[in-house]
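Visitor: Hi! I'm new to this one. Could you walk me through it?
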Amino acid sequence: MSFIDPLYPVFLATGFAVGFGHCIGMCGPIVVSLSLNLKDKNILLPHLLYNSGRVVTYGVLGGVMGATGSFTLVAAHIAEIQKGAMIFAGVLIIIMGLAMSGWISFGQVFGNSYNPGGFISKGFRRLSQIKSPAAYFPIGLLLGLLPCGPVYTALLAAAGAGMEAAGTLEAIIKGMGVMICFGLGTVPALFLVAKLADMGWLKKREIIYRIGAVLMVAVGIYFIIKGIRY
Amino acid sequence: MKPSILTGGKQLYFATKRVLKIISLFFILTGLLVFDGPLAPGPALAAESTVNCDAHKGVCSQSSGDLTVSLEITPRPVKAMQDLVFKVSIEGASPAKHPHIDLGMPAMKMGPNQVWLKPTGPGTYEGTGVIVRCPSGKRTWFANVIVPESGEVKFIFNVIY
């Protein structure tokens, strides 16, 4: 029984390569939103936690793929969850954008029926005030479910590695290994985007900050539409 | 005098850092535009993404030199995210090793997705694979049939999401 698979370095390199192309386009807006939302705080720990959450989700999905050995079976079951994750990402970006701009207070968002103690209001207010580094881990866990072509390809390989494994444990570990390597490979690109969005000198300029907020709302709407149509 | 020299040095340090950030941002944005954006070489990309196979209708044939390859994907219509059977027949070459198929999108990198083919008869091979769904909505995929030591033939087709 061997838990080492030649696919690990292949998918580490794949993650790195697609990270700088595909992931920047797909997850870039989310990462920029998370960075801008931190304002003047250090981005290192929150983004480390966000990426850790993402890699953990990939690992779990890889383990499930490895155990079942069937990509299509698992993919069919998680399709609706992925749709929800995409819509959630859109809502999260919009709320962060609105809160960052400071243009709209939550009283205005919810009109006269605004109830600061209400469940939805509380939830939205918490989302808009995500600044605690610990909150970035569950966000990463959830956003790791976002539908993405290269992630699907890596999951396909994880299922293949599971099929070729001698036993269930080996299949799970190999599936997890492929996905964790892939996820780790994507981290440098997303960290770079986070760092670029964290330019203090940019954020101090109010106009750029507000343009950023408008873009975040636009990107959020785009994610929601994509999620609904997915 | 000493504090002002230190302040000047600090200012120079931050100014340099700022310039470096602007330069790196410029290079990254330029790189993205050139390699993956609107400044990407249009005609080449267009040529590579021109559909040359209607996989929903049946067998497609393409030639490259002496090599003629036929590809059939079932079940039809060809849909993403389901198990597909790829049947390949080769004329004009007797490959020493089994051929395989690289699946991908002309428009973006999707990672290695290969279909390993097994012989089913003289010059005929079969394998199973999956075309994954791209959330961008782009539906054009390619199947590059690679025949070891003989060459490769690319089939470009649309799939249903």
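Visitor: Thanks! How many residue pairs are in polar contact between chain B and chain A?
Guide: There are three such pairs between chain B and chain A, with both residues at pLDDT 80 or more. A polar contact here is a pair of N or O atoms within 3.5 Å; within protein, one must be able to donate a hydrogen and the other to accept it, and residues adjacent in sequence count only if both atoms are side-chain atoms. Please keep in mind that this is a predicted model, where local features need pLDDT of at least 70 and side-chain atom pairs count only at pLDDT 80 or more, while totals for chains, interfaces and linings use all residues. Residues are numbered from 1 along each chain as its sequence is written, chains are lettered from A and ligands numbered from 1 in the order in which they are written, and side-chain values use heavy atoms, leaving out hydrogens and water.

Visitor: Which part of chain B supplies the largest share of the side that touches chain A?
Guide: That is helix 1 of chain B (residues 2–36), with seven residues. Helices (H or I, at least four residues) and strands (E, at least two) are DSSP runs, numbered from the N terminus.

Visitor: And what classes of residue are on that side of chain B?
Guide: The side of chain B that touches chain A has 12 nonpolar, six charged and five polar residues. Ala, Val, Leu, Ile, Met, Phe, Trp, Tyr, Cys and Pro count as nonpolar, Asp, Glu, Lys and Arg as charged, and the others, Gly among them, as polar.

Visitor: How many salt bridges are there between chain B and chain A?
Guide: The count is zero. A salt bridge would need a side-chain nitrogen of Lys or Arg within 4 Å of a carboxyl oxygen of Asp or Glu.

Visitor: How many residues does each chain bring to the contact?
Guide: Chain A brings 27 residues and chain B brings 23, with contact meaning heavy atoms within 4.5 Å. Together the two chains bury about 2,100 Å², 73% of it on carbon and sulfur atoms. Buried area is the accessible area (1.4 Å probe) that two parts lose on being put together, summed over both.

Visitor: New topic: what is chain A built from?
Guide: Chain A has 11 helices and zero strands. Of its 230 residues, 52% are buried, that is, under 20% relative accessible area, with exposed meaning over 50% and partly exposed in between (1.4 Å probe, protein chains only).

Visitor: What about chain B?
Guide: Chain B has two helices and nine strands, and along the chain from the N terminus they run α-α-β-β-β-β-β-β-β-β-β. Buried residues are 31% of its 161 residues.

Visitor: Can we zoom in? Where does Ser70(B) lie?
Guide: Ser70(B) is in strand 2 of chain B, residues 67–74. Ser70(B) counts as buried because its relative accessibility is 12%.

Visitor: Which side chain does the side chain of Ser70(B) make a polar contact with?
Guide: Its partner is the side chain of Ser61(B), at 2.8 Å. Beyond four places away in sequence, the residues that Ser70(B) touches include Val59(B), Lys87(B) and Phe155(B).

Visitor: One last stop, Leu7(A). Where is that?
Guide: Leu7(A) sits in helix 1 of chain A, residues 7–26. At 25% relative accessibility, Leu7(A) is partly exposed. Leaving out residues up to four places away in sequence, Leu7(A) touches Ala157(A), Ala161(A) and Val178(A). The C-alpha atoms of Leu7(A) and Gly175(A) are 9.9 Å apart, with 168 residues separating them along the chain.
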